[in-house]
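Visitor: I've got a structure open and I'd like to learn how to read it feature by feature. Could you walk me through it?

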Amino acid sequence: MREAGEQALKPGQRSEIEVLKARGVTVGFGDKLVLENLDLDVYRSEILGFVGGSGTGKSVLMRAILGLVEKRAGKIEVFGEDLDKTSPEERAGIERRWGVLFQQGALFSSLNVRQNIQVPMREHMNMSQRLMDEMALLKLEMVGLPRDAAEKAPSELSGGMIKRASLARALALDPDLVFLDEPTSGLDPIGAAAFDDLIKRLRDALGLTVYMVTHDLDSLHSICDRIAVLGERRVLVTGTIDEMMQVDHPWVKAYFRGERALRRAEQDEV
Amino acid sequence: MTIQAARPAPTLTTSMGGERMTVAIGGGWTIHASREMEDLLIALKPGVSGFVTIDMSGVTHLDTAGAWLIHRLQGDFEFKGSRVEFVGLSDKFKSLVGEIESHHPPTWKPRIRGRSIMGLLEATGRQMVEIGKDVVAVCHIVGSLAVVLSGILVNPRRLRGISVAVQFDRSCIGAVPIVALMSFLIGGIISQQGGFYLRTFGADLYVVDLAGVLVLREIGVLLTAIMVAGRSGSAFTAELGSMKMREEMDALHVIGLRVTEVLILPRLLALMIALPILAFIADLSALFGSGLVTWAYLDIPPQIFMQRLNEAVTLETLWVGLLKAPFMAMIIGLIACVEGLKVSGSAESLGLHTTLSVVKAIFMVIVVDGLFAIFFASVGI
C-alpha cells in the first residue's frame, strides 16, 4: 500500500524511511549466544538480501524479528513501533502488515491452496466470499500459478509450486513488508530466475519492502538493492553488490569473490 | 516516526452530464475497507449510458483489492455496453493497475453442495468400496508378512531382534503400570458391586467365583487389549503415517528394504508377545484388587478367598483368557499398520487415520472376543 504525498521510488533510489530497525539484538540458546549486539536497518521499498554461512543465525534473526524466538536484549522497531512496547491490538495491526514465506512453505496441509490464501483474509478482514475467491485467484495468478492449482491440496504440489502458493498467502493482505526465507532454494535455475523476477515485479507494482534470506548468488546480483552479511554474531557489513566486491573480510571475500562468484560476475560482464 | 497512517474511508460519487456518467472514486481503496468498498459498488447500479468516466484523482491509497474492485467495476460497465475511460490515475498507482489488468480471474460462481438421495447412495457405495479395499490391504500385509516370516525361518538372522526388543519395551514394559492400575480398580469394582448384590441372598462367598471367572476369562484380556489398542495401536499408526508423509517409506523401498520386514513385523511380533504378558499381569492385579475389596467390605479373609478361588477356577479358565491375547494383538497391530500406510500428505489425514485405527481395532477386538465365546461354548469349555 502506498501513501499520498510520497513519490514513487525509482529503481536504485533509496528511501530513507526505515521499515525495520534493529538495535543491539542479542539472542542465545542455553549458554551459547547466536546473535550479539546486532544492528540492522531495512528501508522502505528495497529488496534486502541477507547472507551468511550456514548456522550463523540468519533464520534465528528472522524468527526473532517475527517474535517466534525470544531475544535477550535489544530493540526491534517495525513500521516505527517498538515491538516490545506495543499493545496486543497494535501488535495485531503490525502482523497484518507483514507477510512471511517460510523455508518449507508451511502451507496448512488440511486446506487447499485457495483456502490457504484466504486464511488471513477470513481471519482479519470483513470481506464477502465472492471478493475473497476473486482475490485468492488474483494472487494465485500474480505469483504465476495456474488456476487449477487453487483447488489442490498442498501435498499435491511440487516444491516450486509450494513456494509460489506460500508467497501468495504471504501477499494475501497486501503487506508492506515481506520476509522470504530462502525463496529460491530447491528450485531449478529457470524457476529460481522466474521467482526472482516475480519478487522484483511485485516490489515495483505493490511497493513491497522485501527482507530476503538467500544463498543464491544470482538473486543477490540480479534483484537485491542492498546486501547484509551476517557473521561473528552481528551484521558484518551492508551495501550494494558492488560494495561487497571491495570488502576485505575473509568470509565476505570468499563468498563474493570465490570461484563460483567470480564465474557469475564474468557472465554479468559478458 | 510512525509509518502507520490514518486510513481515509473509501468514497464513490456519481454524476450525470448528458450521455456521460462520471464516477468519482476517492479516499483509501484498500483491503482494510473491503466491506465498505463492496457496499459502495453494490449500491452503484451500472445504468445504460454511452460513456463512463472513472475519475481516480481522489484516491489516496490503493492496493490489489481496491484496484481489483475498480477493475471489476469497469468490466461491469463494459458488459452493459458502455465505454469506460480512466482519468486522474496517479503515477504511483499505474504499475499496480497495470499488474491487475494483466490478470483475468474467471467469472465467480458460488459453490453449491448438492444433497440428494443419490448423494447418500453414492456415499454408501464409496464406503463399501473402502471396506473392500481395507480387507484387501489387510490380506496384502498378511501375505507379505508370510513371505517375510518364511524368509526368517530359512535364515533366522534376518529377524530384527533389536527392533523387536525396542518395540516390546515401548508397548509392554511401558504399559505395565497403567494396565496393572486399571485392572486393580476393575477387580475391586466388580467384587464390590457383585458382593453387595450377592449378600442379599446370603451368598457373599460366591463373589470369589464371580470375580475369578469373569476376570480370567473375559475382563482381564479384553480391557488390556482395549488399552493396548489406544496406547500402542495409535502410536503405530502415527509413526508409520508420519514416516509415509516424509517419504521415509519411499527411502526404505529405494534402499531395497521391505517395509513389512523392517517396520511392521517387529511391531507386530512385539505386540503379540506383549499382550499375553500384559493380560496375565492384568489378571493378577485384578484378582489382587478383588481380594482386597472382599476383605475390606465383605469380611472374607485372604485365606478363605484363596481357598474359594482354588475351587472356582482351574488352569483352563486362565488359558481361555490368555489364548485370545495373541489374536487380539495381531488384529490391533494389523489394523494400526494398514491405517498408517493409508495416511496421505496432510496433517488432517494423519489424525483421521489414527482415530480410525483405534476405533476399528477396539471394535474388531470385541467382535473377535464374541467369536471366541461362541467357539469355546461349542467345544464345551
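Guide: Sure, let's begin with vocabulary: helices and strands here are DSSP runs, with at least four residues for a helix and at least two for a strand, numbered from the N terminus. On that basis chain A has 10 helices and 10 strands, while chain B has 12 helices and four strands. Bear in mind that this is a predicted model.

Visitor: Then what are the ipTM and pTM scores of the model, and what pLDDT does chain B average?

Guide: The ipTM is 0.72 and the pTM is 0.69. Chain B averages a pLDDT of 86, and 94% of its residues score at least 70. Watch residues 1-5 of chain B, though: the pLDDT there is below 50, and the stretch has nine contacts in the model beyond near neighbours in sequence.

Visitor: How much of each chain counts as buried?

Guide: For chain A, 43% of the 270 residues count as buried. For chain B it's 34% of 381 residues. You can also look at sequence separation: taking contacts with a separation of 6 or more, residues 24 or more positions apart account for 66% in chain A and 84% in chain B.

Visitor: Which residues have the most contacts inside the largest nonpolar core?

Guide: General idea to begin with: in soluble globular proteins, nonpolar side chains tend to be buried together. Here the largest nonpolar core has 102 residues, and Leu48(A), Val178(A), Val210(A) and Tyr211(A) have the most contacts inside it. Helix H4 of chain A, residues 129-142, gives the most to this core, with eight residues. Zoom in on Tyr211(A) and, leaving out residues up to four places away in sequence, you'll find it touching Leu20(A), Val42(A), Leu48(A), Phe50(A), Leu177(A) and Phe179(A). There's also a second, separate core of 53 residues, which includes Ala175(B), Phe184(B), Leu240(B) and Ile331(B).

Visitor: Now helix packing. At what angle do H6 and H7 of chain B pack?

Guide: Two packed helices are described by the angle between their axes and the distance between the axes. For H6(B), residues 176-199, and H7(B), residues 207-245, the angle is about 145° and the axes are 10 Å apart. The crossing of H6(B) past H7(B) is right-handed. Residues making the contact include Ile186(B), Gly187(B) and Ile190(B) from H6(B), and Leu214(B), Gly220(B) and Leu223(B) from H7(B). By class, that contact has 14 nonpolar, seven polar and no charged residues.

Visitor: And backbone torsions: which residues have a positive phi although they are not glycine?

Guide: Most residues other than glycine have a negative phi. Ala106(A) has a positive phi of about 55°, and Glu182(A) has one of about 45°. Ala106(A) lies in the loop between strand S6 and helix H3 of chain A, and Glu182(A) in the loop between strand S7 and helix H6 of chain A. A glycine example is Gly67(A), just after H1(A), with a positive phi of about 85°.

Visitor: Why does Glu182(A) count as buried?

Guide: Glu182(A) counts as buried because it has 20 C-beta neighbours inside 10 Å, and the cut-off for buried is 20 or more. Ala106(A) has 16 other C-beta atoms within 10 Å, so it is partly exposed. For an exposed case, try Met306(B) in helix H10 of chain B: it counts as exposed because it has 12 C-beta neighbours inside 10 Å.

Methods:
Residues numbered from 1 in each chain as written. Chains lettered and ligands numbered in written order. Predicted model: local features only at pLDDT ≥ 70, side-chain atom pairs only at ≥ 80, totals over all residues. pLDDT = per-residue confidence, 0-100. Contact = placed C-beta atoms within 7 Å. Core = buried A, V, L, I, M, F, W, Y, C linked by C-beta atoms within 7 Å. Axes fitted to C-alpha atoms, helices over the stretch in contact; angles between N-to-C directions. Left-handed = near helix turned anticlockwise from the far one by under 90°. Nonpolar A, V, L, I, M, F, W, Y, C, P; charged D, E, K, R; others polar.
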